[in-house]
Amino acid sequence: MADAGSAGAGDAGTGPSEQRPGVVNYMMAHKVDAGLWLSRVFTVGCSLLYAIPLLGIHVAYGCYQRALISSAITSVLRLHQRLPRPQLTREFFAQLVLEDSAHYLFFSLIFVNSFPFTMILMPAFLFALLHATAFTKTLLNIQGPDAGQFLRNLIDKLVARQQDILRLIACTEIFLMPATVFMVFGGRMSLLLPFIYYRFLTLRYASRRNPYSRQLFYELRVMMEQLCSRPSCPAFVRNMCHKAIGIISRLAPPIAQ
């Protein structure tokens, strides 16, 4: 009878845990998603420690590099999810170049050893913050419907502003181009870096999944043309703006319809 009672107690104790797996069990069952979430949380943490150097300037520079390395790891894991087994074929590399994760892996590698600049971390930080929300909410749901109300409210606000965040990321990427040029003249970046970054920007402009770069370029062009059409705009400024618009339009890659 004692054995039967013990067995019954054991079954009662293990039943709920099987119905509602713990956070650790869920993460072990979804290793790649858990790895993505951890790398994104680490990117957010390192970005904040760089922007707010609570641990000192030298530690902040290390956090800058760690944030970009962690962002690169996130991109590699996403490529692992989305692409077939790597092959040394032209078709595979053509497919690789079309992936947004490959673009941001390229972005992280461009700037990981560069002069630290807060604007560089903005895309990595905002993407990590935005894309970590779904898995975070799943973990909170596992803990219970009332767990982490503050985090739930924060996640809801981030999701509600998703389009604004994506537009901010695209705007940051665009204005990083002239920023890198100015930093080259200041002796803080390599002369080749703006040319390499231009290649990244063309990849983002031609992105199939994220049209915000193209939209921002179009909106900036319309805004500049409206400013130049005003009677109060000096003639030399109008000519410079039209020439700049023409050069940028010629540098834009063709978009497949």
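Okay, let's start with the largest pocket, which comes out at about 930 Å³. This is a predicted model, by the way. So who sits in the middle? Of 26 lining residues, the closest to the pocket centre are Ile174, Phe217, Ala244, Ile248 and Ser249. If you want to find the walls on screen, look at helix H10 (162-185), helix H11 (193-205), helix H12 (212-228) and helix H13 (235-251), the elements that put two or more residues into that lining. And what's the lining made of, by class? We get 22 nonpolar residues, 2 polar and 2 charged.

Right, on to the second largest pocket, with a volume of about 480 Å³. Here 20 residues form the lining, and Asp100, Ser101, Tyr104, Phe127 and His131 are the closest to the centre. At least two lining residues each come from helix H3 (31-51), helix H4 (57-82), helix H6 (100-111), helix H7 (118-131) and H10. Which helix gives the most? That's H7, with 5 residues. By class, this second lining has 8 polar, 7 nonpolar and 5 charged residues.

Last stop, the outside. Ile52, Leu54, Leu55 and Val59 make a nonpolar surface patch of about 400 Å². Take Val59, which belongs to helix H4. Is Val59 buried, exposed or partly exposed? It's partly exposed, because its relative accessible area is 34%, and buried would need under 20% while exposed would need over 50%. The bar for joining a patch is over 30%, so Val59 at 34% clears that one.

How values were computed: Residues are numbered from 1 along each chain as its sequence is written. This is a predicted model: local features need pLDDT of at least 70, side-chain atom pairs count only at pLDDT 80 or more; totals for chains, interfaces and linings use all residues. Side-chain values use heavy atoms; hydrogens and water are left out. On a 1 Å grid over the protein atoms alone, a cavity is a set of points where a 1.4 Å probe fits but cannot get out, and a pocket is an open set with protein on both sides within 12 Å along at least five of seven lines; lining residues have an atom within 4 Å of a point. Grid points are joined across faces, edges and corners, and a volume is the space filled by probe spheres set on the points. Helices (H or I, at least four residues) and strands (E, at least two) are DSSP runs, numbered from the N terminus. Ala, Val, Leu, Ile, Met, Phe, Trp, Tyr, Cys and Pro count as nonpolar, Asp, Glu, Lys and Arg as charged, and the others, Gly among them, as polar. Patches are made of residues with over 30% relative accessible area and no salt bridge: like charges are joined within 9 Å, nonpolar side chains (Val, Leu, Ile, Met, Phe, Trp, Tyr) within 5 Å. Accessible areas come from the Shrake-Rupley method with a 1.4 Å probe; for residues, only the protein chains shown count as cover. A salt bridge is a side-chain nitrogen of Lys or Arg within 4 Å of a carboxyl oxygen of Asp or Glu. Buried means under 20% relative accessible area, exposed over 50%, partly exposed in between (1.4 Å probe, protein chains only).
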